[in-house]
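Welcome, and thanks for taking a look at this model with me. Please open the sequence and the coordinates side by side before reading on.

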Amino acid sequence: MKLSPVKLKCRTFHTHNQGIWLVWLHGLLGKGEDWFSTVGACDQYPSLVIDLPGHSNSADVALTGGFAEMSELLSATLSKYQITDYCLIGYSLGGRIAMHHAIHGEYDGLRGLLVEGGNPGLFSRQERDTRLQHDQHWAQRFRQESITSVLADWYQQPVFADLTAAQRDQLIHLRSQNRGDSIADMLENISLGRQPWLVPDLQQITIPFTYLCGENDRKFQRIAQQHTLPLKTIPRVGHNAHYGNPAAFSSAVNHFLSFLVKETQ
């Protein structure tokens with residue numbers, strides 16, 4: 001495989017530790033910093049915290065080749081840091097990227113997969129076409145309207161129903177630092193409507209895999225249960241579990257990692 005010459009912006013933590021690296025992938029509109037509290041609670045492992053294309057310090061990295069290019073970018077970034085043994089941890093969009101990379105990526109060394117509220121795909125062409133149209137509509141709004149006004153509607157979507165008014169306002173403030181056109185490009189390029197149906201491969205995956213989901217995130221609990229994914233729920237939170245209950249989320253991550261380390265020893 002020819003690795004991409006472009007690399008994603010990252011930060012490293014706890015590099016004095018040996019062994020498996022934790023590679024953190026944030027969600028749409030997010031940034032690597034979203035993981036900092038969890039990374040701090042996982043200080044027994046070296047961590048690579050990535051800013052995805054179009055986001056934060058990688059805002060100038062344009063993605064045009066969909067999931068295949070995203071996986072190449074991830075592989076090239078891991079190669080740059082000479083990371084040969086790693087666990088992918090991804091939230092929402094980052095979880096979808098992690099699952100795709102685990103199934104279709106061409107980079108050795110993946111030892112574990114931890115997904116928080118990531119959709120494993122849509123089965124029918126009709127569902128994928130409908131979702132692509134939905135995401136293209138949001139992308140058009142991100143390009144044409146002020147990002148604050150778009151985010152006010154974005155966080156009214158059912159998946160964010162558990163947020164309090166204060167939490168919603170805080171997220172709008174945080175996410176309004178993004179560039180609307182960059183978010184639109186990313187939203188279109190790795191829309192769920194363009195994602196392969198990953199469920200059969202995930203059901204047979206041979207590396208340790210856990211699917212984390214907020215207790216109040218009914219949609220993604222149903223997805224996990226319907227497709228017999230290895231579900232672990234985080235109490236008292238909805239879709240963004242690491243944001244809503246960082247202590248319980250970090251505990252679940254460390255629990256997963258303790259078994260992962262035993263399997264690789």
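The report below goes from the sheet to the helices around it, then to the core and one cysteine.

**The sheet**

Please keep in mind that this is a predicted model. Its open sheet has 7 strands in the order E1-E3-E2-E4-E5-E6-E7, with mixed pairing. At the edges are E1 and strand E7 (231-234), each of which pairs on one side only. From one strand to the next, the twist averages 20°.

Three of the strand pairs can be set side by side:

| Strand pair | Sense | Bridges |
|---|---|---|
| E1 (residues 10-13) and E3 | antiparallel | 4 bridges |
| E2 (residues 21-25) and E3 | parallel | 4 bridges |
| E6 (residues 209-214) and E7 | parallel | 4 bridges |

As a reminder, strands of a sheet pair through backbone hydrogen bonds, either parallel or antiparallel.

Strand E3 (residues 47-50) is a good place to zoom in. Ser47 and Val49 point one way from E3, Leu48 and Ile50 point the other way, and all of them are buried. Opposite serine 47 stands phenylalanine 13, while valine 49 is the bridge partner of tryptophan 24. Between E2 and E3 the chain passes through helix H1 (residues 36-41), and this β-α-β crossover is right-handed.

Over at the E6 and E7 pair, leucine 212 stands opposite lysine 232.

**Helices on and around the sheet**

Helix H2 (residues 66-80) packs on the sheet, where it touches E1, E2, E3 and strand E4 (86-91), and its direction makes about 140° with that of E3. Helix H9 (residues 218-226) lies across E6 and E7 and runs at about 150° to E6.

How do H2 and H3 cross, and at roughly what angle? Their axes come within 10 Å and cross at roughly 85°, with H3 spanning residues 93-104. H2 and H3 are therefore roughly perpendicular to each other, since angles of 65 to 115 degrees count as such. At this meeting point, H2 brings Phe67, Ala68, Met70, Ser71, Leu74 and Ser75, and H3 brings Arg96, Ile97, His100 and His101.

Helix H7 (residues 180-189) is mostly covered, with 7 of its 10 residues buried. Those buried residues are Gly180, Ser182, Ile183, Ala184, Met186, Leu187 and Asn189. Their cover includes H2, H3, helix H4 (125-144) and helix H5 (147-154).

**The nonpolar core**

Which residues touch the most other members of the largest nonpolar core? They are Phe142 and Trp154, in a core of 77 residues. Helix H11 (residues 246-264) gives the largest share of this core, 6 residues. Leaving aside residues up to four places away in sequence, tryptophan 154 touches Leu28, Leu29, Trp138, Phe142, Phe160 and Leu187. Leu187 is also one of the buried residues of H7.

**A closer look at cysteine 213**

Is cysteine 213 buried or exposed? Cysteine 213 has its place in strand E6, and its relative accessible area is 1%. Cysteine 213 is therefore buried, as the cut-off is under 20%.

Beyond residues up to four places away in sequence, cysteine 213 touches Phe220, Gln221, Leu231, Lys232, Thr233 and Ile234. Among these, Lys232 is the residue that leucine 212 stands opposite in E7. Arginine 179 is 34 residues from cysteine 213 in sequence, and the two are 28 Å apart in space, C-alpha to C-alpha.

Notes: Residues numbered from 1 in each chain as written. Predicted model: local features only at pLDDT ≥ 70, side-chain atom pairs only at ≥ 80, totals over all residues. Heavy atoms only, no water. Buried < 20%, exposed > 50% of the residue type's maximum accessible area, 1.4 Å probe, protein only. Helix = DSSP H or I, 4+ residues; strand = E, 2+ residues; numbered from the N terminus. Pairing = 2+ DSSP bridges. Right-handed = clockwise from strand over helix to strand, strands pointing away. Core = buried A, V, L, I, M, F, W, Y, C linked by side-chain atoms within 4.5 Å. Contact = heavy atoms within 4.5 Å. Axes fitted to C-alpha atoms, helices over the stretch in contact; angles between N-to-C directions. Parallel < 35°, antiparallel > 145°, perpendicular 65-115°, else oblique.
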